[in-house]
Amino acid sequence: MKLLVTGGAGFIGSAVVRLAVAQGHSVVNLDALTYAACLENVASVADSPLYAFEQADICDRDAMDRIFAAHQPDAVMHLAAESHVDRSIDGPGAFIQTNVTGTYTLLEAARSYWQGAGKPEGFRFHHISTDEVFGSLGKTGQFTEDTPYDPRSPYSASKAASDHLVRAWGETYGLPIIMTNCSNNYGPFHFPEKLVPVVILKALAGEPIPVYGDGANVRDWLFVEDHADALLTVLTKGELGRSYNIGGENEVSNLDLVKMICALLDDRHPSAAPHADLITFVADRPGHDQRYAIDPTRIRAELNWQPSVTVEEGLARTVDWYLENEDWWRALQNRQGVGERLGTA
Ligand SMILES: NC(=O)c1ccc[n+]([C@@H]2O[C@H](COP(=O)([O-])OP(=O)(O)OC[C@H]3O[C@@H](n4cnc5c(N)ncnc54)[C@H](O)[C@@H]3O)[C@@H](O)[C@H]2O)c1
């Protein structure tokens, strides 16, 4: 298949690009190269005859029309987004622009291309979204595909809006859409403003490791390469018009996750005192969702998909990757806002 992957220079998009090329798909990586992008993430496939890159903004309709016409993709995997909740608190405008207007623009370009090509049956517009659109859980319960939307941050509200647009384009125009909502990812190439790399890099630097609030917020962690595998499974085997929740059934509180990373570093990169001594509780994020948990029954039962690694295994691989790839993360630490506390408004 020829795939148009938006956001392929980001964290998850690049994992999709690498895996799709490895599986023999042709991939056009469409990315605006914002602060969160890094073409190093796809360096391993950059010379492949199956790979092409287009620098473009999904809000630019002319550019989208040109790219669809030039590459004639069989499917779109839409991951381009502003993705950092803390930044959405400080500056929600960019999130509305890319996640809402950009998704609308891409949908319209995809619709025009699909209609112009005679509505090919196999075409797919796969929208990649987050479990954060469902809001916050108490101590029990899990998000299913039927959980009502209840987004509580500018980021999750903008992703919820994009989900609604994609569903509407499916219902109203018959655009062949498919959707996924995934839990928190972690793994190699994770931009150094997100929790897992922040903890690893602060610990390696011997600096305070910030934990928001009391650290009791629970997330369902999924290794990024398992997410990429799930996405390609849904794209190729999923039922049109359907949405699939993707999760690892690895619920861990933020504090426990930080302690797990500290223990891995104590083992691999010992310092005078245990790394956990660096844990420092800081003011909570405004509107911080308490708990997310995914019920993955649909993707497991219908598509026979399950994650390949536990959170323990995935975190060990991630810590090892950061220890072995200092050049990659050092180069990103100078980018605007990285290493600063954001989103305290
Ligand atoms: N990170 C997670 O844990 C998680 C979980 C579930 C779903 N998601 C979703 O997966 C997708 C990818 O997330 P990520 O963590 O890889 O994000 P990321 O921030 O690492 O990467 C986003 C990529 O999109 C590109 N981009 C941003 N605005 C663009 C625009 N206007 N036009 C073209 N490209 C643009 C950026 O340059 C970057 O390469 C997002 O849609 C996100 O909502 C993320």
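Q: A residue is called buried if 20 or more other C-beta atoms lie within 10 Å of its own, exposed if there are 12 or fewer, and partly exposed in between. In this predicted model, is Asp229 buried or exposed?
A: Asp229 is found in helix H7, which covers residues 224–237. Within 10 Å, Asp229 has 20 C-beta neighbours. The limit for a buried residue is 20 or more, so Asp229 counts as buried.

Q: How many Å separate the C-alpha atoms of Asp229 and Pro307?
A: Asp229 belongs to helix H7. Pro307 and Asp229 are 78 residues apart in sequence. From C-alpha to C-alpha, their separation in space is 8.5 Å.

Q: Is Gly141 buried or exposed?
A: Gly141 sits in the loop between strand S5 (124–130) and helix H5 (154–173). Its C-beta neighbours inside 10 Å number 11. A residue with 12 or fewer is exposed, and Gly141 therefore counts as exposed.

Q: Which residue, 153 residues from Gly141 along the chain, has its C-alpha atom 8.8 Å from that of Gly141?
A: Gly141 lies in the loop between S5 and H5. Along the chain, 153 residues part Gly141 from its partner, yet the two C-alpha atoms are separated by 8.8 Å. That partner is Ile294.

Q: Which residues have the most contacts inside the largest nonpolar core?
A: The largest nonpolar core of the model holds 93 residues. One of its most connected members, Met77, touches Leu3, Val5, Val16, His126, Ile128, Leu231 and Leu235, when residues up to four places away in sequence are not counted. The residues with the most contacts inside the core are Val5, Val16, Met77, Ala110, Leu231 and Ile261.

Q: How are helices H6 and H8 oriented to each other?
A: H6 (residues 195–205) packs against H8 with the axes 10 Å apart, at an angle of about 40°. Because this angle falls neither under 35 degrees nor within 65 to 115, H6 is oblique to H8. The contact brings Leu195, Val196, Val199, Ile200 and Ala203 of H6 to Asn254, Val258, Ile261, Cys262 and Leu265 of H8. The crossing is right-handed, and the orientation is oblique.

Q: What is the handedness of the crossing of H8 and H10?
A: The axes of H8 (residues 254–268) and H10 (residues 311–324) come within 10 Å and cross at roughly 55°. That makes H8 oblique to H10. In the contact, Met260, Ile261, Leu264, Leu265 and Arg268 of H8 meet Leu315, Ala316, Val319 and Leu323 of H10. The crossing is right-handed.

Q: What is the phi of Glu249?
A: Most residues other than glycine have a negative phi. Glu249 is not a glycine, but its phi is positive. Glu249 lies in the loop between strand S11 (243–246) and strand S12 (251–253), and with 18 C-beta neighbours inside 10 Å it counts as partly exposed. Its phi is about 50°.

Q: Is Asn304, with its positive phi of about 55°, buried or exposed?
A: Asn304 is not a glycine, and it lies in the loop between helix H9 (297–303) and H10. Inside 10 Å, Asn304 has 9 C-beta neighbours. The limit for exposed residues is 12 or fewer, so Asn304 counts as exposed.

Q: How far apart are the end C-alpha atoms of residues 4–317?
A: An unreviewed UniProt entry places the feature "domain: NAD(P)-binding" at these residues. The span is 41% helix and 17% strand. Its end C-alpha atoms are separated by 29 Å.

Methods: Residues numbered from 1 in each chain as written. Predicted model: local features only at pLDDT ≥ 70, side-chain atom pairs only at ≥ 80, totals over all residues. Core = buried A, V, L, I, M, F, W, Y, C linked by C-beta atoms within 7 Å. Contact = placed C-beta atoms within 7 Å. UniProt positions renumbered as here; feature names shortened; annotations may be inferred. Helix = DSSP H or I, 4+ residues; strand = E, 2+ residues; numbered from the N terminus. Axes fitted to C-alpha atoms, helices over the stretch in contact; angles between N-to-C directions. Parallel < 35°, antiparallel > 145°, perpendicular 65-115°, else oblique. Left-handed = near helix turned anticlockwise from the far one by under 90°.
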